[in-house]
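User: Could you take a close look at one chain of this model for me, starting with where it meets its neighbour? I'd like one connected walk through it.

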Amino acid sequence: MTPTGFLSQLLQLVIALLLAPLLLGWVNQCRGWLQNKSAPPLLLPYRTIRKLFHKDAVIAENASPIFRTMPYIIFGAMALAAAIVPSLATDLPFAQAADAIALVGLFALARVFIALAAMDIGTAFGSMGARREMFVGFLAEPALLMVLFTASLISGSTSLPTIVDTLAHREIAIYPSLAFAGVAFTMVSLAENARIPIDNPATHLELTMIHEAMILEYSARHLALIEWASALKLFNYSCIGLALFLPFGIAQGSDDWLAILGATPVLVAKLAVGGFALALIETFSAKVRIFRAPEFLGTAFLLAVLGMLVNLLLGS
Amino acid sequence: MAHTIAGLPLWAQLINLLAAVLLLLAFAMLAQRRVLSLINLFAAQGLALACSTAIVAFATAQPHLYWSAGLTLVLKVALLPWLLHHLIRKLDVRWDVEGLINIPTTMLIGIVLVVFSFNLAVPISQLANTVTRSTLGIATASVMLSFLMMITRRKAIPQVIGFLSMENGLFFAATSATYGMPMVVELGIALDVLVGMLILGVFFFQIREQFDSLDLKHLEKLKEESHL
Amino acid sequence: MLIGSTLGGHGGSWLLLAPINPDRASYSPIIVLLVIFAVVALTIQVVHRQYHGRKRLGPAWDCGYPLQTARMQDTAEGFGQPIRQVFEAFFHVERVLPSPFDATPEYRMKVEDHFWRWLYLPVVRSTEAVARLIGLIQQGRISVYLTYSFFTLLALLFFIR
Amino acid sequence: MLFVLGLPIAGALVLAAIGHRTQAAAVNVAVCFATLLAAALLTVRVISEGPMLVLDRLFFVDSFNVFLVALTAFVGFTTAIFSSPYMRIEHEHGRLTAGRLRLYHSMFQLFNFTMLLALLTNNMGILWVAMEAATLTTVLLVSLYRTPASLEAAWKYFILCGVGIAQALFGTILLYFAAEKLLGAGGGALLWTELNGVKNQLEPTVLSLAFVFLLVGYGTKVGLVPLHNWLPDAHAEGPTPVSAVLSGLLLNVALYAVVRCKVLVDGSLNTSFAKGLMMGFGLLSVVVAAFLLSRQKDIKRLFAYSSIEHMGIITFAFGMGGPIANFAGLLHMTVHSLTKSAIFFAVGHAAQKTGTQLMDDIRGLITTRPAIGWGLILGTLAILGMPPFGVFASEFLILTTAIHDQPWATPLLLLALGVAFAAVFSKVQPMVFGETTAKRLPYRPAMAPVFVHLAIVLMLGLWIPPVLADWYRQAAKLIG
């Protein structure tokens with residue numbers, strides 16, 4: 001682990017932490033525009049987080065330490081994921097600590113903790129949210145893994161940097177399998193990030209909420225961390241998607257940290273487009289009933305498997 | 001048997017004769033219904049065995065086979081039959097022996113077994129360099145016949161006699177076909193037979209004490225139950 | 001050869017769990033653990049320094065629903081309910097639901113998977129049948145046992161002849 | 001080496017003289033301990049000096065039998081420890097008179113002697129004599145209670161094994177018949193080392209015939225199906241220490257005899273004749289025993305059938321041959337013997353304390369007697385081949401070799417192992433964890449042997465000492 005490598009690693013992490021709420025704000029703003037509402041300001045998420053940090057935390061009397069440490073843990077898990085995902089540079093020191101499969105495991109870890117914390121107080125909403133969250137995760141994870149397998153079949157590796165290297169620096173080829181995988185990945189990301197059509201981040205409607213139901217009991221700095229972690233999660237998923245399907249402009253190697261700074265505008269541009277697409281999807285679709293989720297995610301799974309089959313059939 | 005009898009020395013002819021006697025006695029035991037006659041037949045078989053062992057000892061000049069012959073004489077002609085007679089008197093079990101299969105069928109099976117044994121022994125006999133090699137087939141046959149007898153008998157004592165007569169056949173194979181095993185082994189075998197017999201004697205009393213009979217049908221309790 | 005080589009023996013450091021080589025797939029539990037711990041510790045420090053660590057304890061909010069008893073806790077059955085409902089087609093479910101007017105409401109459910117009925121039960125039954133058949137050989141009579149031995153011998157002798 | 005053999009026989013005489021007194025059990029343990037020490041010394045000598053022949057080649061030690069000698073002495077010792085309180089309680093309950101106790105102790109030593117003799121002798125004839133003597137001593141041990149059932153079991157044991165062993169004698173005679181031409185008449189022609197030297201020249205026809213008789217003969221003692229019928233009865237009706245040594249030692253030694261014969265036959269025939277026979281018998285035993293397991297009600301019968309199953313596995317392994325399968329077979333012999341005797345110790349205590357051997361009547365051992373409960377459940381898991389116990393390692397090796405060498409046999413083996421697992425576990429689990437109304441029982445069981453055995457089995461599953469592994473490897477090469 002060279003000092004420059006470490007520095008680059010740190011740089012990517014800091015950029016990810018800073019950019020994440022921006023992406024969330026951008027998506028919300030786009031959605032506002034598309035739906036003909038007065039759009040919330042771009043920097044609203046930063047202000048929300050800052051405001052929450054200043055407040056006094058209110059915690060239920062029967063909360064256990066799990067409840068209080070959970071925000072930090074999921075924040076830590078998401079930060080680590082942000083360090084691993086090759087959003088700006090490929091050959092970062094931490095990248096080898098977890099390949100794509102381990103990364104899915106990392107997300108699952110965060111999910112388990114958030115579900116545990118939701119059930120910790122013992123309220124009806126928390127439990128309901130937890131059970132729904134696990135339900136969605138249970139359906140989404142196989143599909144996500146299938147997507148990753150499809151991508152890794154092309155490069156013969158489950159390590160994200162290797163995948164990116166292979167895809168970005170080979171002669172340009174059209175992989176039909178990646179088209180299937182891309183659609184599937186988008187669907188999974190929507191589900192995992194509590195977006196429409198599986199969940200609606202903007203409401204607290206009792207019967208439909210999933211993510212919000214789990215964090216009802218949180219306030220102040222804890223809630224701030226959770227919000228930030230959610231934004232990071234969205235950022236991570238977007239970066240995985242970009243790395244898999246639009247792997248251009250990512251700096252190669254970790255020695256030159258200036259290259260990382262150079263890669264940042266490219267990333268921001270790609271994220272802007274991606275965020276807009278996300279808002280577009282959310283505008284044109286409607287929230288489905290929770291028991292429609294299997295159909296939605298089943299389709300994603302099917303597409304991913306199809307992509308894999310296509311890949312096996314046509315060769316890469 | 002592929003070779004002619006006339007070309008053999010007298011002692012070898014004698015052994016062949018005794019072998020035939022042994023086989024005949026085995027058949028007789030298979031057919032015998034009365035337990036006392038069975039013991040007498042067993043004693044006669046022992047005598048034939050002792051004689052043949054002595055003849056082999058004489059012919060091949062192996063002194064340890066005299067020991068073996070003497071041991072057989074004492075053990076199988078005198079001691080064991082006496083023990084069995086004593087047991088029968090003490091236990092008062094003079095009844096006739098009932099077989100599980102009727103005698104003619106048993107005899108038929110016996111004939112088949114003898115043919116099979118001879119057939120089995122032919123290729124081996126031809127390899128041997130002892131003149132009395134053909135006796136191996138007879139020994140095999142008498143072992144098989146004794147086995148059959150053990151299967152078909154219902155009472156404990158005839159079964160044991162079958163067991164002992166099987167040992168006779170084995171001894172015969174050891175002494176006649178191979179001119180005797182090493183002495184250590186023979187002593188060990190004799191000791192085992194004797195001890196086994198004593199244990200059996202003790203056993204008979206206990207079985208009788210527990211079941212009031214020596215009929216083996218009382219000894220059929222330990223089995224898999226037919227219902228689960 | 002008997003025990004097999006350990007994982008991570010392929011060029012990587014002991015930190016790394018790489019079955020084939022780090023370019024193909026890798027996982028380092030120690031780094032993952034340490035980094036998460038570091039970030040958690042750092043975040044706690046920073047948050048508490050930068051802002052404050054004030055907190056108040058109060059009753060659970062629960063969307064303003066005040067009554068809570070231990071009986072309202074989620075059960076394992078409730079927790080698995082969505083998954084069960086989705087996969088209902090794959091199971092054999094018998095459910096008795098109470099109506100709102102029952103004086104003594106009763107809820108009972110029995111979930112059996114089809115594998116149990118169509119795969120395991122036949123296996124169990126056939127195993128039992130085979131066991132019953134094989135049990136017949138152990139039927140207690142010594143002559144029969146001797147016959148087994150006898151025929152084994154004869155068959156083998158016949159076989160080698 | 002002579003101490004190894006001399007001590008048990010001296011012990012037998014001493015115990016026959018003083019057997020009914022209270023210190024007899026202690027003397028029994030002491031003699032076993034001395035035997036173990038002698039065996040350990042012998043082992044050390046073999047480690048430092050390699051294989052040896054003594055007393056005019058009458059006895060010999062090589063890598064194949066040295067660990068079996070150590071194992072036999074060890075299991076004999078632990079069984080003596082176990083039997084000391086066990087038999088005392090049986091005596092106090094009035095199931096045994098003082099005279100029987102004397103008989104038990106002296107026969108136990110005599111049995112130990114015959115086992116060691118069978119292992120150490122170089123002479124196939126003496127091997128036979130030792131096996132026969134082992135039968136006779138154990139017949140007395142099995143019928144120790146003099147109940148109708150135990151008499152019946154002993155009678156069947158005696159007759160079936162007597163007949164079997166007679167066939168083994170016939171096989172030995174045939175062996176001599178074949179060897180005498182090459183080695184000359186007299187003692188030399190039955191010495192295994194000599195036979196092994198000339199095995200290529202032995203007459204194949206005679207040897208194949210001899211092997212059939214030897215296999216059927218010693219196979220009866222091993223408990224190979226369909227010659228096994230005496231085994232469950234004898235195990236179930238004898239006193240528990242006897243069941244432990246029957247399963248732990250006698251079966252092993254009988255199998256040892258079969259394998260010694262197989263080496264000669266393989267050398268002579270150069271075909272897969274012996275291999276095929278042993279695999280066939282082994283597989284048949286495994287399958288039949290596995291299915292019979294599910295029908296058992298008596299706990300000792302259950303584990304007796306489990307012994308048949310495991311002997312089948314070992315026979316199959318030796319039948320397959322090759323360095324790995326033989327290695328696994330030897331390892332399995334060791335761990336099975338240790339585990340099974342440990343189980344019988346636990347079962348013995350359980351049955352003694354609850355006063356029944358019926359599994360339906362034994363419940364909740366974990367609450368009434370935690371040590372016994374744990375011993376039984378751990379032993380059961382070990383014998384069923386759960387990792388990390390040694391049985392898993394050996395079964396794993398056997399199965400993988402089978403997949404490679406004899407793919408057709410693997411499904412049968414797996415089926416049998418699965419059925420056996422289901423049968424045994426479903427019966428033992430409620431015995432250990434089931435609901436019970438019984439109160440905690442007052443006796444202190446002698447559980448040290450159980451846990452020592454299981455600890456060794458566990459160790460062998462995780463790490464085989466290099467010396468032992470080396471022996472296994474050498475012996476595996478010897479067996480071929």
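Analyst: Let's start at the contact between chains B and D: 38 residues of chain B are in contact with 37 residues of chain D. Keep in mind that this is a predicted model. On the chain B side, the elements giving two or more residues to the contact are H4, H5 (135-152), H6 (156-177) and H7 (183-211). H7(B) supplies the largest share, with 13 residues. As for chemistry, the side of chain B that touches chain D splits into 27 nonpolar, 7 polar and 4 charged residues.

Now step back to chain B as a whole. Chain B has 7 helices and 0 strands, so to speak an α-α-α-α-α-α-α run when you read from the N terminus on. Of its 228 residues, 52% count as buried. If you take the contacts in chain B between residues at least 6 apart in sequence, 74% of them join residues at least 24 apart.

Next, the helix pair at the start of the numbering. H1 of chain B covers residues 10-31 and H2 of chain B covers residues 35-60. They pack at an angle of about 165 degrees, with their axes 9 Å apart. An angle over 145 degrees counts as roughly antiparallel, which is why H1(B) is described that way relative to H2(B). H1(B) passes H2(B) in a left-handed crossing. The residues of this contact divide into 20 nonpolar and 2 polar, with no charged ones.

Back to H4 of chain B, which spans residues 103-125 and holds B:Val115. This valine counts as exposed because B:Val115 has 11 C-beta neighbours inside 10 Å, and the cut-off for exposed is 12 or fewer. If you want a distance to check on screen, try B:Val115 to B:Leu164: they sit 49 residues apart along the chain, and their C-alpha atoms are separated by 23 Å.

Finally, it helps to set chain C beside all this. Chain C has 5 helices and 3 strands, in the order α-β-α-α-β-β-α-α along the sequence. Of the 161 residues of chain C, 16% count as buried. For contacts in chain C between residues at least 6 apart in sequence, 6% join residues at least 24 apart. For chain B, the matching figures were 52% buried and 74% of such contacts joining residues at least 24 apart.

Conventions
Residues are numbered from 1 along each chain as its sequence is written. Chains are lettered from A and ligands numbered from 1 in the order in which they are written. This is a predicted model: local features need pLDDT of at least 70, side-chain atom pairs count only at pLDDT 80 or more; totals for chains, interfaces and linings use all residues. Axes are lines fitted to C-alpha atoms, for helices over the stretch in contact, and angles run from 0 to 180 degrees between N-to-C directions. Helices (H or I, at least four residues) and strands (E, at least two) are DSSP runs, numbered from the N terminus. Angles under 35 degrees count as roughly parallel, over 145 as roughly antiparallel, 65 to 115 as roughly perpendicular and the rest as oblique. A crossing is left-handed if the near helix is turned anticlockwise from the far one by less than a right angle, and right-handed if clockwise. Ala, Val, Leu, Ile, Met, Phe, Trp, Tyr, Cys and Pro count as nonpolar, Asp, Glu, Lys and Arg as charged, and the others, Gly among them, as polar. A residue is buried if 20 or more other C-beta atoms lie within 10 Å of its own, exposed if 12 or fewer, and partly exposed in between; C-beta atoms are placed from the backbone. Two residues are in contact if their C-beta atoms, placed from the backbone, lie within 7 Å.
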